[in-house]
Structures are given as structure tokens and as C-alpha cells.
Amino acid sequence: RARQQQHQSGHSMRFTGRPSADKAQLLGYMEAALRRAIEAQQLTLDWDEPAPSESFRVRLFDPAEVQSTLALYGDKEARASVSFLKALGKQSEWRQLAPPPEPAALVALAEQFPNFSDVVRFVEELNTLSRLRPRSPLMIPPILLDGPAGIGKTAFSLALASTLGTEHWHLAMGHSTASFDLGGLDAGYVGGGPGLLARKIGLGKQADPVILLDEIDRAPEQSNSDPLGPLFDLLEPRTAREFSDDGLKIKMDLSRVRWFATTNNAERLDPALRSRFKLFRVQAPTPQQVRGIAVRQYAQLLREHPWGVYFEPALPEPVLAALARHTPRDLARALHSACARAAQAGRSALSTADFDPPPASDRRPIGFT
């Protein structure tokens with residue numbers, strides 16, 4: 001510390017007398033050690049330095065534009081839009097962005113979903129860039145997961161969203177009927193007002209939520225109002241940066257939204273829309289991978305319920321062999337039911353008799369949560 005103060009003040013170190021040869025050598029050692037300690041301390045401070053706060057927030061809207069748009073409406077006009085604009089005007093125009101996740105969390109995700117290793121590897125590469133100093137928000141292009149039903153596409157997407165540490169919304173596109181679900185409806189129409197994104201992000205805390213468009217290839221085809229229409233702008237960062245909700249007519253920066261979509265047949269999508277996604281062809285897990293998934297799901301099931309202490313912590317080999325024929329979607333329900341049957345039989349270990357044969361097809365509709 002004294003050395004630093006002397007260096008900053010411009011004064012050199014002085015001695016009252018000429019030091020002996022031994023003392024001069026000792027002082028040289030001490031000076032070199034002090035210099036290395038200062039350098040090491042500076043390196044540690046640089047590495048642990050928090051990321052600039054400006055990098056982790058985005059200006060969502062222009063308050064002046066909100067007020068000028070409000071002034072265009074009368075007292076009895078467009079009540080839904082006016083009500084939202086008033087609420088938005090009370091909010092700060094700045095929104096937070098989530099920091100990049102810890103690498104260990106992505107490693108755990110790959111272990112939990114082994115048939116999605118290519119997707120996790122892609123996110124890990126982008127995450128490495130974001131964690132360089134100074135850190136920056138993790139930017140992920142729209143991701144499309146294509147593959148047969150029941151292989152865990154929805155479960156993986158929600159688990160990845162949770163790993164990213166941000167808000168997430170699940171939209172079943174098979175139930176979507178019009179473009180205003182995402183892009184709003186002009187206030188001149190009955191029921192007009194802001195769409196899902198404007199409402200959720202405008203009054204939320206974060207600008208980079210994950211939005212899962214589940215089974216996007218099953219979205220109904222509408223001649224007058226395509227439910228996928230707004231995505232052509234929302235999936236492009238340049239146009240999403242100035243996205244105008246039809247029910248609000250103000251620009252909002254929605255370029256930081258993380259878009260995930262699933263399909264059973266990506267070829268059904270409009271090629272122009274499909275090209276806006278980073279496409280991953282996901283295969284069903286191998287029987288060996290299903291065994292590992294079953295082991296992890298069983299352990300999680302026992303941890304999450306008080307009655308879990310009554311069961312053997314390991315699954316018998318015959319049970320694992322039987323579960324290898326199940327889909328990831330079916331495993332959790334099958335294990336839960338098997339525990340109930342084993343308890344009724346007074347057993348603490350599961351057996352193959354506790355399981356039904358795997359269903360030939362399991363296409364359970366999933367709603368918006």
C-alpha cells in the first residue's frame with residue numbers, strides 16, 4: 001500500500017543510510033513480491049468486476065410517444081388501448097436483461113435431456129461469448145425444435161427457459177386463431193387492444209423473456225388473419241426493434257425476446273418463416289438414454305414428495321429395461337402411477353407389474369400457461 005501511495009504521489013523510496021548488500025537483496029525480493037501481489041490483485045479485480053449495468057438493460061419504449069398517442073383518443077374511445085397506455089406511461093421505459101447462465105447449469109441440462117445435446121452445445125457456445133469480460137447479455141437466435149411427438153421438446157424448452165433465469169410463457173399454437181394473439185388488434189374494432197407481447201413485456205420487469213410457440217406447425221390457417229403473421233417481423237431483430245402493436249400504434253423494442261418453437265413436421269411451415277429459425281432436427285432418445293432419463297426422473301419424483309422416503313432409491317434392472325420402451329413424455333406419469341401401485345401392494349421397490357404397456361400414441365394437448 002505504501003509502495004502504491006509513493007508511486008501515485010511521484011516520490012521514490014529513500015533511505016537514511018546506504019543499505020548493506022544483504023539488506024539490498026532482501027529489499028529487492030520484497031519489491032518484486034509486492035509488484036506481483038499488486039498485479040495479481042488487479043487481475044482478480046478485473047475478473048470479478050461486475051458487468052456494466054448499461055449492457056443489461058434496454059429502452060423498451062419512448063414515454064413521449066406514449067403520451068402523444070394517448071392524446072389522440074377521446075374519453076370513450078379504445079378503452080383497452082387507453083387503459084394499457086396509461087398503465088405503461090407509469091412504468092419506466094427501461095427493462096432489465098438477464099445475465100448469462102452459469103456453465104454448470106447448461107451441463108446439467110444436457111445430462112437431463114441427452115437427445116438435445118446439439119441444442120445445448122449451441123447455447124453453450126453463445127454463452128461462452130457472453131461470459132467474456134466485460135460480460136454481456138446472452139443473445140440466442142430463434143430456435144426451432146423439430147421431431148416426433150413425445151420426445152421431450154416442450155419439456156426441454158421449458159427447462160432451458162428456466163436455466164436462462166428469465167420469465168417464460170407457453171403458447172399452444174394449435175389453439176391460436178388470429179394474428180392479434182401476438183400482434184394486437186386495431187382499437188377501431190370491437191375487442192381491439194394490445195396483444196400478448198405488449199401486455200406481458202410492457203407491464204413486466206424483463207425485456208428478454210422466453211416465449212415457447214408449441215406445435216407451431218399446427219397453427220390454424222386463416223385467410224383473413226394469420227396467427228403466425230406477426231412472427232415475420234418479431235423474429236427479425238431489425239424489425240423487432242421497432243415493433244408496433246396494432247392495438248397501440250407505438251414502437252416497442254422486442255428484439256431481445258428469446259423465441260423457441262416446436263414442430264412435429266417443420267416442412268409444413270412457410271419456408272420464409274422457417275428460415276428465420278435456427279433449426280434442430282431432434283431424434284427420439286435411444287433406449288440407453290431413456291434408462292438414464294428414467295433414473296433421474298425417479299430420483300426427482302422421490303425428492304419432491306414426502307412419501308419418497310418410503311421407496312428404494314434405485315430402480316431394479318427389469319424395471320429399467322421395461323421403461324426403455326417408453327417416451328420421455330410418458331415416463332413421469334408412469335413412475336408416479338407405479339409408486340402408487342407399489343404402495344397399495346405394500347412394497348417399497350417397484351416392479352414391472354406396476355407399469356402399463358407404453359401407449360402407442362400420446363398426443364396430449366397443451367395449453368397456454
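Here are a few friendly notes on this structure, which is a predicted model.

1. **The sheet.** A good place to start is the open sheet of 5 strands, which has the order β4-β5-β8-β3-β9 and parallel pairing. At its edges stand β4 (168-172) and β9 (278-281), each with a single partner strand, so one side of each has no neighbour in the sheet. On average, neighbouring strands here are turned by 20° against each other, direction ignored. As background, strands of a sheet pair through backbone hydrogen bonds, either parallel or antiparallel.

2. **One edge in detail.** If you zoom in on β4, you will find that 5 bridges join β4 to β5 (residues 210-214), and that these two strands run parallel. Within this pairing, Leu171 stands opposite Leu213 in β5.

3. **A helix on the sheet.** Next, have a look at α7, which packs on the sheet and touches β3 (143-146), β4, β5 and β8 (258-263). The direction of α7 makes about 170° with that of β8.

4. **The α5/α6 pair.** Helices α5 (103-112) and α6 (residues 117-130) pack at an angle of about 175°, with their axes 10 Å apart. Angles over 145 degrees count as roughly antiparallel, and α5 and α6 are therefore roughly antiparallel to each other. From α5, the residues Pro103, Leu106, Val107, Leu109 and Ala110 meet Val120, Val123, Glu124 and Asn127 of α6. By class, the residues of this contact divide into 7 nonpolar, 1 polar and 1 charged.

5. **The largest pocket.** You may want to spend some time here: the largest pocket has a volume of about 720 Å³. Its lining is made up of 31 residues, and those nearest the centre are Phe113, Ala155, Gln297, Pro328 and Arg329. The helices α5, α7 (153-164), α13 (287-304) and α15 (328-344) each supply at least two residues of the lining. Thus α5, which packs with α6, and α7, which packs on the sheet, both contribute to this pocket. By class, the lining has 11 nonpolar, 11 polar and 9 charged residues.

6. **Two backbone details.** Which form does the peptide bond from Arg133 to Pro134 take, cis or trans? This bond is cis, with omega near 0°, and Pro134 lies in the loop between α6 and β3. The other detail is Glu215, whose phi is near 50°, a positive value in a residue other than glycine. You will find Glu215 in the loop between β5 and α10 (231-234).

How values were computed:
Residues numbered from 1 in each chain as written. Predicted model: local features only at pLDDT ≥ 70, side-chain atom pairs only at ≥ 80, totals over all residues. Heavy atoms only, no water. 1 Å grid on protein atoms, 1.4 Å probe; cavity = no way out; pocket = protein on both sides within 12 Å on 5 of 7 lines; lining within 4 Å. Points joined across faces, edges and corners; volume = space filled by probe spheres on them. Helix = DSSP H or I, 4+ residues; strand = E, 2+ residues; numbered from the N terminus. Nonpolar A, V, L, I, M, F, W, Y, C, P; charged D, E, K, R; others polar. Axes fitted to C-alpha atoms, helices over the stretch in contact; angles between N-to-C directions. Parallel < 35°, antiparallel > 145°, perpendicular 65-115°, else oblique. Contact = heavy atoms within 4.5 Å. Pairing = 2+ DSSP bridges.
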